[in-house]
Amino acid sequence: MARLKIANRDARRLWLWTNGLSATPVGKLDVMAIIRQLGFVQIDTIRNVTRAHNHILWTRNQNYREGMLWPLLKKRELFEHFTHDASLIPMETLPIWQRQFRRLGEKAARGAWYQSGLDSGEIGNIRKRIELEGALSTHAFETKAESREMWARPPHKKALDQMWYAGELATCYREAFVKFYNLGERVFPAHLREGPEDVEQIDMLCDQALDRISMGTCGEVQRYWEAMSAVEARGWLHRRQLVPVDVQGANGRWQEAWGAPDIETRLNEAPSPTIRLRILNPFDPAIRDRMRLQRLFGFEYRNEMFVPAEKRRWGYYVYPLLEGDRFVGRCEIKADRAEGWMRVTGFWPEPGVKWKPIRLDRFEAELTRLARFIGVQDVDWDVPRPC
């Protein structure tokens, strides 16, 4: 089969459409439809302006409001587990997620990070309490961490995490972002708890990954879920007859990859993205794969939250700025809801990008919309505006 060549502008257009970032983010809201399109949505504890999951969904439809996500978890339309980090995944994915329960459960049991130090009887007692009392949060248990470092977890939290990774426990719901654990059998629908053979689960996960990214290398397919090894992903590649493509990078170089079965239809139908300037969250799926991001857009990005301040190139919580199919800069924003303000505390234009008044107007319009989303009125700059 002849290789389909995808020029860089077409690759960018297809990637943004695949990620729900082509159209103006308005219209009738369907939260589950957005999550199904993305495959999952990563959740995060940090509320710099708004938590990552809220920002990701709002970016795709600005009729979304904070708090709309959690009823879907409670209604069992979503379940929570670990992809690259804690994520909410459509419940229909559960049958092919059984291998992830197994592999992460085994990894957690082996790894020093999650070994609780509790004996089997003590771990059994934690499970028994949940069995008898129903959903409990970590606050219902009392054990002390061995150290005061921020990453230290008390033994009961490690035990809960071990059982959660294995699917023995599941997130029943969250309150004020606090996770409540219940028995997996009480949360996961019985008809979805059995999956196909392991190899078929790998193949189905890879098929779904390629569908969600439209085109990609075997490594990009494997990194989508982080639910299999590179060797397992290569096995899928050998078992499938895929559409071979050559994708042009931002630097003009071509890379061999694979396309979804309907890749030509997608290329023909994917619209050009709106020129609206978007403030993307650091955990947005469009920028999750940093290598792919740099190859397609020539945009270098890293999350510096856990980098010592003196070693950061930009800032603590930095938002990429997407205009059309081009990243035009990045900014740092802080907000205080109680005081009613939001501030731009850092701004870095991309090299070669001129910030003329029309671009600045688009950025400030999006700042205003973001401020309105979190319920604050006062929007200002603590650093000079670009000229």
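The following dialogue concerns the reasoning behind several structural terms applied to a predicted model.

Biologist: What makes the sheet of strands 11-12-13-14-15 an open one, and which strands stand at its edges?

Modeller: The 5 strands follow the order 11-12-13-14-15, with mixed pairing. Strand 11 (277-279) and strand 15 (378-381) each have a single partner strand, so one side of each is left without a neighbour in the sheet. Neighbouring strands are turned by 30 degrees against each other on average, direction ignored.

Biologist: What packs on this sheet?

Modeller: Helix 14 (residues 357-374) does, touching strand 11, strand 12 (318-323), strand 13, strand 14 and strand 15. The direction of helix 14 makes about 45 degrees with that of strand 11.

Biologist: How do you know that strand 13 pairs with strand 14?

Modeller: Pairing requires at least two bridges, and 8 bridges join strand 13 (residues 326-336) to strand 14 (residues 341-349). The two strands run antiparallel. Lys-334 stands opposite Arg-343, and Glu-332 has Gly-346 as its bridge partner. Strands 13 and 14 form a hairpin with 4 residues between them, and Gly-340 in the turn has a positive phi of about 80 degrees.

Biologist: How do you know that strand 14 also pairs with strand 15?

Modeller: The criterion is again at least two bridges, and 4 bridges join strand 14 to strand 15. These strands run parallel, and Met-342 stands opposite Val-379 in strand 15.

Biologist: Why is Glu-364 called partly exposed?

Modeller: Buried means under 20% relative accessible area and exposed means over 50%. Glu-364 has a relative accessible area of 23%, and is therefore partly exposed. Glu-364 lies in helix 14. Leaving aside neighbours within four places in sequence, Glu-364 is in contact with Trp-381 and Arg-385. Glu-364 and Leu-277 are 87 residues apart in sequence and 9.2 Å apart in space, C-alpha to C-alpha.

Biologist: What makes helix 3 mostly covered?

Modeller: In helix 3 (residues 52-60), 9 of its 9 residues are buried. Among them are His-53, His-55, Trp-58 and Arg-60. The buried residues pack against helix 2 (31-38), strand 2 (41-42), helix 4 (70-74), strand 11, strand 12 and helix 14.

Biologist: Why does Ala-176 count as exposed, and why does Ser-214 count as buried?

Modeller: The relative accessibility of Ala-176 is 76%, so Ala-176 counts as exposed, the limit being over 50%. For Ser-214 the value is 0%, so Ser-214 counts as buried, the limit being under 20%. Ala-176 is placed in the loop between strand 6 (169-175) and strand 7 (178-183), whereas Ser-214 is found in the loop between helix 9 (198-213) and strand 8 (215-216). Phi is positive in each of these residues, near 50 degrees for Ala-176 and near 70 degrees for Ser-214.

Biologist: How do you know that the length of helix 9 agrees with the expected span?

Modeller: At 1.5 Å a residue, the 16 residues of helix 9 should span 22 Å. The end C-alpha atoms are 23 Å apart, which agrees. The buried residues of helix 9 include Gln-201, Asp-203, Leu-205 and Arg-212.

Biologist: Why is helix 9 called roughly perpendicular to helix 10?

Modeller: The axes of helix 9 and helix 10 (residues 218-225) come within 9 Å and cross at roughly 105 degrees. Helix 9 is therefore roughly perpendicular to helix 10, because that class covers 65 to 115 degrees. Leu-205, Cys-206, Gln-208, Ala-209, Leu-210, Arg-212 and Ile-213 in helix 9 meet Glu-220, Val-221, Tyr-224 and Trp-225 in helix 10. By class, this contact has 8 nonpolar, 1 polar and 2 charged residues.

Biologist: Why are helix 1 and helix 13 called oblique to each other?

Modeller: Helix 1 (residues 8-18) and helix 13 (residues 290-297) pack at an angle of about 135 degrees, with their axes 9 Å apart. Roughly perpendicular ends at 115 degrees and roughly antiparallel applies over 145, so helix 1 and helix 13 are oblique to each other. The contact is made by Asn-8, Ala-11, Arg-12, Trp-15 and Leu-16 of helix 1 and Arg-292, Arg-295, Leu-296 and Phe-297 of helix 13. By class, this contact has 5 nonpolar, 1 polar and 3 charged residues.

Methods
Residues numbered from 1 in each chain as written. Predicted model: local features only at pLDDT ≥ 70, side-chain atom pairs only at ≥ 80, totals over all residues. Heavy atoms only, no water. Axes fitted to C-alpha atoms, helices over the stretch in contact; angles between N-to-C directions. Contact = heavy atoms within 4.5 Å. Buried < 20%, exposed > 50% of the residue type's maximum accessible area, 1.4 Å probe, protein only. Expected span 1.5 Å × (residues − 1). Parallel < 35°, antiparallel > 145°, perpendicular 65-115°, else oblique. Nonpolar A, V, L, I, M, F, W, Y, C, P; charged D, E, K, R; others polar.
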